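Welcome, and thank you for opening the viewer. Could you walk me through this structure one selection at a time, saying what to click and what is there?

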Amino acid sequence: MLQVEFGEGALTRLRVARGADPLWDAALSLHLLQNRQESLVYDAWRREVRAALHRERLTEDVRALLPLCPASGYFPDFLTPSTGEASLEHGVDRVMSTPRRRLVTELSRLCADLRGPVPRSVRWVATGDPAALDWLGTTLRRYHAVAVSPYLGAIGARVAEDRARRAEAALGGGAEGLLASYTELPGWRWHGTRLAAPYPEARLVRLRGRTLTVVPGFFCVRAPLTLVNDALPPVLVYPTPPDPGWLPRLRTGAGTPSVAQLIGTSRAQLLELLQRPMTTTALAAALRLAPSTASRHATVLREAGLVVTRREGNRVLHRRTALGRALLEGTAPAPRAAPEPVAIAAPGTAPGPGTAPARGTLPGPGDIPHDASPDSP
(Lines give C-alpha, C1' and ligand atoms only; values in the text may rest on other atoms or scores of the structure.)
Protein backbone atom coordinates (compact mmCIF):
# COMPACT_ATOMS: atom_id res chain seq x y z
CA MET A 1 0.00 0.00 0.00
CA LEU A 2 1.21 3.50 -0.90
CA GLN A 3 0.19 6.26 1.50
CA VAL A 4 0.64 9.98 0.90
CA GLU A 5 0.60 12.03 4.10
CA PHE A 6 -0.85 15.53 3.69
CA GLY A 7 0.47 17.56 6.57
CA GLU A 8 -0.56 21.06 7.53
CA GLY A 9 -1.08 23.28 4.49
CA ALA A 10 -0.28 20.52 1.98
CA LEU A 11 -3.82 20.46 0.61
CA THR A 12 -3.53 24.08 -0.50
CA ARG A 13 -0.49 23.20 -2.61
CA LEU A 14 -1.96 20.18 -4.37
CA ARG A 15 -1.95 20.48 -8.17
CA VAL A 16 -3.14 18.35 -11.08
CA ALA A 17 -0.96 18.34 -14.19
CA ARG A 18 -2.55 19.90 -17.26
CA GLY A 19 -1.91 16.83 -19.34
CA ALA A 20 -0.04 13.57 -19.64
CA ASP A 21 3.74 13.73 -19.29
CA PRO A 22 5.63 12.56 -22.42
CA LEU A 23 8.48 10.82 -20.58
CA TRP A 24 6.20 9.14 -18.03
CA ASP A 25 4.14 7.92 -21.01
CA ALA A 26 7.29 6.62 -22.69
CA ALA A 27 8.51 4.82 -19.56
CA LEU A 28 5.14 3.29 -18.72
CA SER A 29 4.57 2.20 -22.30
CA LEU A 30 7.96 0.45 -22.22
CA HIS A 31 6.66 -1.54 -19.23
CA LEU A 32 3.56 -2.57 -21.17
CA LEU A 33 5.60 -3.53 -24.20
CA GLN A 34 7.39 -6.14 -22.06
CA ASN A 35 4.42 -7.65 -20.23
CA ARG A 36 0.87 -8.79 -20.97
CA GLN A 37 -1.03 -6.62 -18.53
CA GLU A 38 -4.50 -5.47 -19.63
CA SER A 39 -4.27 -7.43 -22.88
CA LEU A 40 -7.81 -6.52 -23.92
CA VAL A 41 -6.95 -2.82 -23.80
CA TYR A 42 -3.34 -2.71 -25.05
CA ASP A 43 -2.67 -5.76 -27.25
CA ALA A 44 -3.67 -3.99 -30.48
CA TRP A 45 -1.35 -1.13 -29.49
CA ARG A 46 1.46 -3.62 -28.74
CA ARG A 47 1.12 -5.19 -32.20
CA GLU A 48 1.18 -1.82 -33.94
CA VAL A 49 4.18 -0.56 -31.98
CA ARG A 50 6.24 -3.73 -32.55
CA ALA A 51 5.53 -3.53 -36.27
CA ALA A 52 6.46 0.16 -36.32
CA LEU A 53 9.71 -0.46 -34.43
CA HIS A 54 10.67 -3.08 -37.00
CA ARG A 55 9.67 -0.81 -39.88
CA GLU A 56 11.72 2.10 -38.52
CA ARG A 57 14.73 -0.16 -37.81
CA LEU A 58 14.47 0.78 -34.15
CA THR A 59 14.00 -2.66 -32.59
CA GLU A 60 17.67 -3.11 -31.69
CA ASP A 61 17.97 0.25 -29.94
CA VAL A 62 14.75 -0.30 -28.00
CA ARG A 63 16.00 -3.73 -26.89
CA ALA A 64 19.01 -1.91 -25.49
CA LEU A 65 16.69 0.59 -23.79
CA LEU A 66 14.49 -2.05 -22.11
CA PRO A 67 16.94 -2.97 -19.29
CA LEU A 68 16.88 0.68 -18.20
CA CYS A 69 13.11 0.46 -17.81
CA PRO A 70 12.21 -3.18 -17.04
CA ALA A 71 8.73 -4.69 -17.15
CA SER A 72 8.18 -4.32 -13.42
CA GLY A 73 9.88 -3.09 -10.27
CA TYR A 74 12.28 -0.19 -9.93
CA PHE A 75 13.36 2.03 -12.80
CA PRO A 76 15.57 5.14 -12.47
CA ASP A 77 13.97 8.43 -11.46
CA PHE A 78 16.15 10.35 -13.92
CA LEU A 79 14.13 8.90 -16.84
CA THR A 80 11.04 10.86 -15.72
CA PRO A 81 12.29 14.32 -14.69
CA SER A 82 9.15 16.37 -15.36
CA THR A 83 5.57 16.59 -14.10
CA GLY A 84 3.22 17.00 -17.02
CA GLU A 85 4.24 20.53 -17.94
CA ALA A 86 7.43 20.11 -19.98
CA SER A 87 7.60 19.25 -23.65
CA LEU A 88 9.26 16.05 -24.83
CA GLU A 89 12.33 17.99 -25.96
CA HIS A 90 12.72 19.76 -22.62
CA GLY A 91 12.29 16.47 -20.75
CA VAL A 92 14.83 14.65 -22.92
CA ASP A 93 17.30 17.51 -22.50
CA ARG A 94 17.00 17.09 -18.73
CA VAL A 95 17.58 13.34 -19.01
CA MET A 96 20.70 13.97 -21.09
CA SER A 97 21.95 16.47 -18.50
CA THR A 98 21.73 14.04 -15.57
CA PRO A 99 24.93 14.31 -13.46
CA ARG A 100 27.13 11.21 -13.52
CA ARG A 101 26.90 10.75 -9.72
CA ARG A 102 23.13 10.46 -9.99
CA LEU A 103 23.41 8.09 -12.97
CA VAL A 104 25.67 5.80 -10.96
CA THR A 105 23.47 5.92 -7.85
CA GLU A 106 20.21 5.13 -9.61
CA LEU A 107 21.60 2.60 -12.08
CA SER A 108 23.39 0.78 -9.24
CA ARG A 109 20.04 0.37 -7.55
CA LEU A 110 18.57 -0.87 -10.82
CA CYS A 111 21.38 -3.39 -11.27
CA ALA A 112 20.74 -4.78 -7.78
CA ASP A 113 17.34 -5.96 -9.03
CA LEU A 114 18.55 -7.35 -12.36
CA ARG A 115 19.18 -11.04 -12.85
CA GLY A 116 22.35 -12.10 -14.59
CA PRO A 117 25.10 -9.84 -15.95
CA VAL A 118 24.56 -6.11 -16.22
CA PRO A 119 23.56 -5.25 -19.83
CA ARG A 120 26.08 -3.24 -21.78
CA SER A 121 23.61 -0.40 -22.37
CA VAL A 122 23.19 0.10 -18.61
CA ARG A 123 26.97 0.08 -18.03
CA TRP A 124 27.46 2.53 -20.90
CA VAL A 125 24.88 5.06 -19.67
CA ALA A 126 26.27 4.80 -16.14
CA THR A 127 29.62 6.11 -17.38
CA GLY A 128 28.03 9.45 -18.22
CA ASP A 129 29.75 9.32 -21.62
CA PRO A 130 28.20 12.10 -23.77
CA ALA A 131 27.85 9.60 -26.61
CA ALA A 132 25.84 7.30 -24.33
CA LEU A 133 23.56 10.12 -23.22
CA ASP A 134 23.12 11.26 -26.82
CA TRP A 135 22.10 7.70 -27.72
CA LEU A 136 19.69 7.58 -24.78
CA GLY A 137 18.07 10.90 -25.71
CA THR A 138 17.83 10.00 -29.41
CA THR A 139 16.31 6.60 -28.66
CA LEU A 140 13.76 8.10 -26.26
CA ARG A 141 12.71 10.63 -28.91
CA ARG A 142 12.42 8.04 -31.67
CA TYR A 143 10.62 5.57 -29.42
CA HIS A 144 8.13 8.27 -28.38
CA ALA A 145 7.52 9.10 -32.07
CA VAL A 146 6.55 5.46 -32.71
CA ALA A 147 4.87 4.32 -29.47
CA VAL A 148 3.27 7.46 -28.03
CA SER A 149 3.00 10.32 -30.52
CA PRO A 150 0.65 8.55 -32.99
CA TYR A 151 -1.83 8.06 -30.13
CA LEU A 152 -1.78 11.56 -28.66
CA GLY A 153 -5.33 12.16 -29.82
CA ALA A 154 -6.64 9.28 -27.73
CA ILE A 155 -4.33 10.19 -24.84
CA GLY A 156 -5.41 13.82 -24.87
CA ALA A 157 -9.10 12.91 -25.05
CA ARG A 158 -8.85 10.50 -22.13
CA VAL A 159 -6.85 12.93 -20.01
CA ALA A 160 -9.20 15.82 -20.81
CA GLU A 161 -12.17 13.69 -19.76
CA ASP A 162 -10.47 12.75 -16.50
CA ARG A 163 -9.36 16.32 -15.81
CA ALA A 164 -12.92 17.59 -16.25
CA ARG A 165 -14.10 15.07 -13.65
CA ARG A 166 -11.36 16.13 -11.21
CA ALA A 167 -12.16 19.82 -11.76
CA GLU A 168 -15.82 19.21 -11.00
CA ALA A 169 -14.87 17.38 -7.78
CA ALA A 170 -12.55 20.23 -6.75
CA LEU A 171 -15.17 22.90 -7.46
CA GLY A 172 -17.70 21.05 -5.34
CA GLY A 173 -15.48 19.97 -2.46
CA GLY A 174 -12.15 21.76 -2.67
CA ALA A 175 -8.87 19.88 -2.36
CA GLU A 176 -10.44 17.22 -0.13
CA GLY A 177 -13.18 16.68 -2.69
CA LEU A 178 -10.54 16.30 -5.39
CA LEU A 179 -8.65 13.68 -3.39
CA ALA A 180 -11.87 11.89 -2.51
CA SER A 181 -12.65 11.63 -6.24
CA TYR A 182 -9.69 9.27 -6.67
CA THR A 183 -11.42 6.70 -4.48
CA GLU A 184 -13.34 5.68 -7.58
CA LEU A 185 -10.13 3.89 -8.58
CA PRO A 186 -9.99 0.28 -7.30
CA GLY A 187 -8.45 0.05 -3.82
CA TRP A 188 -7.92 3.82 -3.35
CA ARG A 189 -8.97 5.40 -0.04
CA TRP A 190 -8.97 8.91 1.40
CA HIS A 191 -9.13 9.06 5.17
CA GLY A 192 -8.02 11.74 7.61
CA THR A 193 -4.96 13.31 6.08
CA ARG A 194 -3.81 10.32 4.02
CA LEU A 195 -4.45 9.16 0.47
CA ALA A 196 -3.87 5.40 0.18
CA ALA A 197 -3.62 3.29 -2.96
CA PRO A 198 -2.52 -0.24 -3.94
CA TYR A 199 1.26 -0.54 -4.33
CA PRO A 200 3.74 -3.41 -4.64
CA GLU A 201 5.24 -2.59 -1.23
CA ALA A 202 4.54 -0.52 1.88
CA ARG A 203 5.51 3.09 1.17
CA LEU A 204 4.78 6.32 3.02
CA VAL A 205 5.35 9.64 1.24
CA ARG A 206 5.49 12.64 3.58
CA LEU A 207 5.01 15.91 1.72
CA ARG A 208 6.44 18.13 4.49
CA GLY A 209 4.89 21.26 3.02
CA ARG A 210 5.91 20.49 -0.56
CA THR A 211 3.57 20.60 -3.57
CA LEU A 212 2.32 17.21 -4.76
CA THR A 213 1.74 17.04 -8.51
CA VAL A 214 -0.82 14.46 -9.60
CA VAL A 215 -0.21 13.26 -13.17
CA PRO A 216 -2.62 11.18 -15.28
CA GLY A 217 -1.03 8.10 -16.85
CA PHE A 218 -2.58 6.71 -20.04
CA PHE A 219 -0.20 3.73 -19.92
CA CYS A 220 -0.38 3.41 -16.13
CA VAL A 221 -2.32 0.31 -15.06
CA ARG A 222 -3.51 -1.18 -11.77
CA ALA A 223 -1.35 0.85 -9.36
CA PRO A 224 0.02 4.42 -9.17
CA LEU A 225 3.69 5.32 -9.40
CA THR A 226 5.82 7.80 -7.54
CA LEU A 227 9.48 8.76 -7.53
CA VAL A 228 11.70 6.66 -5.28
CA ASN A 229 13.97 9.51 -4.18
CA ASP A 230 12.08 11.43 -1.48
CA ALA A 231 14.33 14.45 -2.00
CA LEU A 232 12.84 15.04 -5.47
CA PRO A 233 9.65 17.09 -5.97
CA PRO A 234 6.82 14.66 -5.14
CA VAL A 235 4.83 13.24 -8.05
CA LEU A 236 1.96 10.77 -8.09
CA VAL A 237 1.08 9.18 -11.45
CA TYR A 238 -2.34 7.55 -11.41
CA PRO A 239 -4.04 5.21 -13.91
CA THR A 240 -6.18 6.76 -16.65
CA PRO A 241 -6.21 3.85 -19.12
CA PRO A 242 -8.51 3.90 -22.16
CA ASP A 243 -11.54 1.69 -22.60
CA PRO A 244 -11.21 -1.58 -24.55
CA GLY A 245 -11.61 -0.99 -28.26
CA TRP A 246 -10.07 2.48 -28.19
CA LEU A 247 -7.51 1.79 -30.91
CA PRO A 248 -9.80 0.57 -33.71
CA ARG A 249 -11.70 3.85 -33.51
CA LEU A 250 -8.59 5.56 -34.90
CA ARG A 251 -8.55 3.33 -37.97
CA THR A 252 -10.56 3.31 -41.16
CA GLY A 253 -10.75 -0.48 -41.29
CA ALA A 254 -8.60 -3.51 -42.04
CA GLY A 255 -6.33 -3.09 -45.01
CA THR A 256 -7.04 0.64 -45.44
CA PRO A 257 -4.98 3.68 -44.42
CA SER A 258 -5.30 5.12 -40.93
CA VAL A 259 -7.04 8.44 -40.39
CA ALA A 260 -3.64 9.95 -39.58
CA GLN A 261 -2.36 8.94 -43.02
CA LEU A 262 -5.40 10.47 -44.66
CA ILE A 263 -5.62 13.87 -42.96
CA GLY A 264 -2.35 14.17 -41.01
CA THR A 265 -1.35 13.07 -37.53
CA SER A 266 -2.11 16.31 -35.65
CA ARG A 267 -5.49 16.72 -37.34
CA ALA A 268 -6.44 13.12 -36.63
CA GLN A 269 -5.50 13.62 -32.98
CA LEU A 270 -7.47 16.86 -32.83
CA LEU A 271 -10.50 15.15 -34.37
CA GLU A 272 -10.29 12.37 -31.80
CA LEU A 273 -10.13 14.93 -28.99
CA LEU A 274 -13.33 16.58 -30.19
CA GLN A 275 -15.57 13.83 -28.93
CA ARG A 276 -16.64 16.68 -26.63
CA PRO A 277 -16.62 20.46 -27.34
CA MET A 278 -13.28 22.16 -26.71
CA THR A 279 -11.76 25.60 -27.14
CA THR A 280 -8.72 26.26 -29.30
CA THR A 281 -6.65 26.87 -26.17
CA ALA A 282 -7.68 23.53 -24.67
CA LEU A 283 -6.89 21.72 -27.93
CA ALA A 284 -3.47 23.38 -28.11
CA ALA A 285 -2.67 22.35 -24.52
CA ALA A 286 -3.84 18.75 -25.02
CA LEU A 287 -1.82 18.32 -28.21
CA ARG A 288 1.13 20.46 -27.06
CA LEU A 289 0.77 22.77 -30.06
CA ALA A 290 0.88 26.52 -30.40
CA PRO A 291 -2.66 27.98 -30.28
CA SER A 292 -2.18 29.36 -33.80
CA THR A 293 -1.30 25.86 -35.07
CA ALA A 294 -4.30 24.29 -33.34
CA SER A 295 -6.53 27.01 -34.82
CA ARG A 296 -5.18 26.35 -38.31
CA HIS A 297 -5.82 22.60 -37.99
CA ALA A 298 -9.36 23.28 -36.74
CA THR A 299 -9.96 25.56 -39.74
CA VAL A 300 -8.85 22.85 -42.19
CA LEU A 301 -11.12 20.30 -40.52
CA ARG A 302 -14.02 22.77 -40.48
CA GLU A 303 -13.62 23.48 -44.20
CA ALA A 304 -13.67 19.71 -44.80
CA GLY A 305 -16.94 19.39 -42.91
CA LEU A 306 -15.42 17.38 -40.04
CA VAL A 307 -15.71 20.09 -37.38
CA VAL A 308 -18.15 22.90 -36.62
CA THR A 309 -17.30 25.99 -34.58
CA ARG A 310 -19.82 27.92 -32.51
CA ARG A 311 -19.64 30.77 -30.00
CA GLU A 312 -21.22 30.07 -26.61
CA GLY A 313 -21.09 33.06 -24.31
CA ASN A 314 -17.51 34.28 -24.22
CA ARG A 315 -16.09 30.99 -25.50
CA VAL A 316 -15.62 29.64 -29.01
CA LEU A 317 -16.06 25.86 -29.04
CA HIS A 318 -15.18 23.33 -31.70
CA ARG A 319 -17.31 20.20 -32.12
CA ARG A 320 -16.82 17.09 -34.18
CA THR A 321 -19.52 16.59 -36.80
CA ALA A 322 -21.28 13.35 -37.69
CA LEU A 323 -19.02 13.16 -40.74
CA GLY A 324 -15.94 13.54 -38.52
CA ARG A 325 -17.12 10.76 -36.23
CA ALA A 326 -17.91 8.55 -39.20
CA LEU A 327 -14.41 9.10 -40.58
CA LEU A 328 -12.84 7.99 -37.28
CA GLU A 329 -15.06 4.91 -37.24
CA GLY A 330 -14.19 4.04 -40.82
CA THR A 331 -17.57 4.68 -42.43
CA ALA A 332 -16.94 7.98 -44.22
CA PRO A 333 -14.91 8.91 -47.31
CA ALA A 334 -11.70 10.81 -46.69
CA PRO A 335 -11.81 14.62 -46.90
CA ARG A 336 -9.29 16.46 -48.99
CA ALA A 337 -6.97 17.64 -46.23
CA ALA A 338 -3.24 17.95 -46.74
CA PRO A 339 -1.30 15.07 -45.18
CA GLU A 340 1.01 15.86 -42.31
CA PRO A 341 3.43 12.96 -41.79
CA VAL A 342 5.27 12.45 -38.53
CA ALA A 343 9.01 12.86 -39.05
CA ILE A 344 11.09 10.06 -37.56
CA ALA A 345 14.86 10.31 -37.61
CA ALA A 346 16.67 7.78 -39.73
CA PRO A 347 18.68 5.14 -37.87
CA GLY A 348 22.02 6.43 -36.69
CA THR A 349 21.00 10.09 -36.66
CA ALA A 350 20.08 12.29 -33.73
CA PRO A 351 17.14 14.69 -34.18
CA GLY A 352 18.24 16.71 -31.15
CA PRO A 353 21.49 18.29 -30.01
CA GLY A 354 24.61 16.25 -30.36
CA THR A 355 25.39 13.36 -32.64
CA ALA A 356 24.34 9.78 -31.94
CA PRO A 357 27.13 7.22 -31.83
CA ALA A 358 27.55 4.92 -34.79
CA ARG A 359 25.39 1.83 -34.61
CA GLY A 360 28.49 -0.30 -34.15
CA THR A 361 28.96 1.21 -30.69
CA LEU A 362 25.44 0.34 -29.52
CA PRO A 363 24.58 -2.88 -27.72
CA GLY A 364 23.98 -5.58 -30.29
CA PRO A 365 22.60 -9.11 -30.45
CA GLY A 366 25.38 -10.45 -28.27
CA ASP A 367 24.51 -8.09 -25.43
CA ILE A 368 20.70 -7.96 -25.46
CA PRO A 369 18.84 -11.30 -25.68
CA HIS A 370 16.90 -11.57 -28.92
CA ASP A 371 14.37 -14.14 -27.80
CA ALA A 372 11.25 -14.24 -29.89
CA SER A 373 8.85 -14.15 -26.95
CA PRO A 374 5.57 -12.31 -27.54
CA ASP A 375 6.51 -9.87 -24.80
CA SER A 376 9.58 -8.46 -26.52
CA PRO A 377 9.19 -5.59 -29.01
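Start by selecting Cys-69, which is buried, with a relative accessible area of 1%. Keep in mind throughout that you are looking at a predicted model. Now add Cys-220, which is also buried, and its relative accessible area is 1%. If you go looking for disulfides, you will find zero of them in the structure.

**Stop 1: the nonpolar cores**

Next, select Trp-45, Leu-68, Val-125, Leu-136, Tyr-143 and Phe-219. These residues belong to the largest nonpolar core, which has 63 residues, and they are the ones that touch the most other members. In soluble globular proteins, nonpolar side chains tend to be buried together.

Zoom in on Phe-219 and show its surroundings. Setting aside residues up to four places away in sequence, Phe-219 touches Asp-25, Leu-28, Ser-29, Leu-32, Tyr-42, Trp-45, Ala-147, Val-148 and Ile-155. Apart from this core lies another one, of 21 residues. To find that other core, select some of its members, including Leu-2, Ala-10, Trp-188 and Leu-195.

**Stop 2: an open sheet**

Switch to a cartoon view and pick out the four strands that form an open sheet, in the order S2-S6-S8-S7. The pairing in this sheet is mixed. Its edge strands are S2 (15–16) and S7 (225–226), each of which pairs on one side only.

Now colour S8, residues 235–239. How many of the five residues of S8 are buried? Five of the five are, so S8 is largely enclosed by the rest of the structure. Turn the strand to see both faces: Val-235, Val-237 and Pro-239 are buried on one side, and Leu-236 and Tyr-238 are buried on the other.

Look at the partners of S8 in turn. With S7, the pairing is antiparallel, over two bridges. Here Leu-225 has Val-237 as its bridge partner in S8, while Thr-226 stands opposite Leu-236. With S6 (residues 213–217), the pairing is parallel, over five bridges. There you can select Val-214, whose bridge partner in S8 is Leu-236.

**Stop 3: a loop residue**

Select Ser-82 in the loop between helix H3 (59–65) and helix H4 (88–96). Is this residue, Ser-82, buried or exposed? Ser-82 is buried, with a relative accessible area of 4%. Not counting residues up to four places away in sequence, Ser-82 touches Asp-21, Trp-24 and Arg-94. Try a distance label as well: from the C-alpha of Ser-82 to that of Val-95, 13 residues apart in sequence, the separation is 9.7 Å.

**Stop 4: helix H5**

Move on to H5, residues 100–113. This helix has 14 residues and reaches 20 Å from its first C-alpha to its last, close to the 20 Å expected at 1.5 Å a residue. Show the side chains of Leu-103, Glu-106, Leu-107 and Leu-110, the buried residues of H5. They cover an arc of only 95 degrees around the axis, which puts them on the same side of H5.

What covers these buried residues includes helix H6 (120–126) and helix H7 (130–147). Rotate to the face of H5 turned away from its buried side, and you will meet the exposed residues Arg-101, Thr-105 and Ala-112.

**Stop 5: helix H11**

For the last stop, select H11, residues 280–287. Which residues of H11 are buried? They are Thr-280, Leu-283, Ala-284 and Leu-287. Their arc around the axis is only 100 degrees, which puts them on the same side of H11. Show helix H8 (152–181), helix H10 (265–273), helix H12 (291–303) and strand S10 (315–320) too, as what covers the buried residues of H11 includes these elements. The face turned away from the buried side carries the exposed residues Thr-281 and Ala-285.

Within H11, centre the view on Ala-284. At 4% relative accessibility, Ala-284 counts as buried. Leaving aside neighbours within four places in sequence, Ala-284 is in contact with Leu-289, Ala-290, Pro-291 and Ala-294. The C-alpha atoms of Ala-284 and Leu-270, 14 residues apart along the chain, are separated by 9.0 Å. Finally, step just past the end of H11 to Arg-288, which takes a positive phi of about 60 degrees.

Technical notes: Residues numbered from 1 in each chain as written. Predicted model: local features only at pLDDT ≥ 70, side-chain atom pairs only at ≥ 80, totals over all residues. Heavy atoms only, no water. Expected span 1.5 Å × (residues − 1). Buried < 20%, exposed > 50% of the residue type's maximum accessible area, 1.4 Å probe, protein only. Arc of directions from axis to C-beta. Contact = heavy atoms within 4.5 Å. Disulfide = S-S within 2.5 Å. Core = buried A, V, L, I, M, F, W, Y, C linked by side-chain atoms within 4.5 Å. Pairing = 2+ DSSP bridges.
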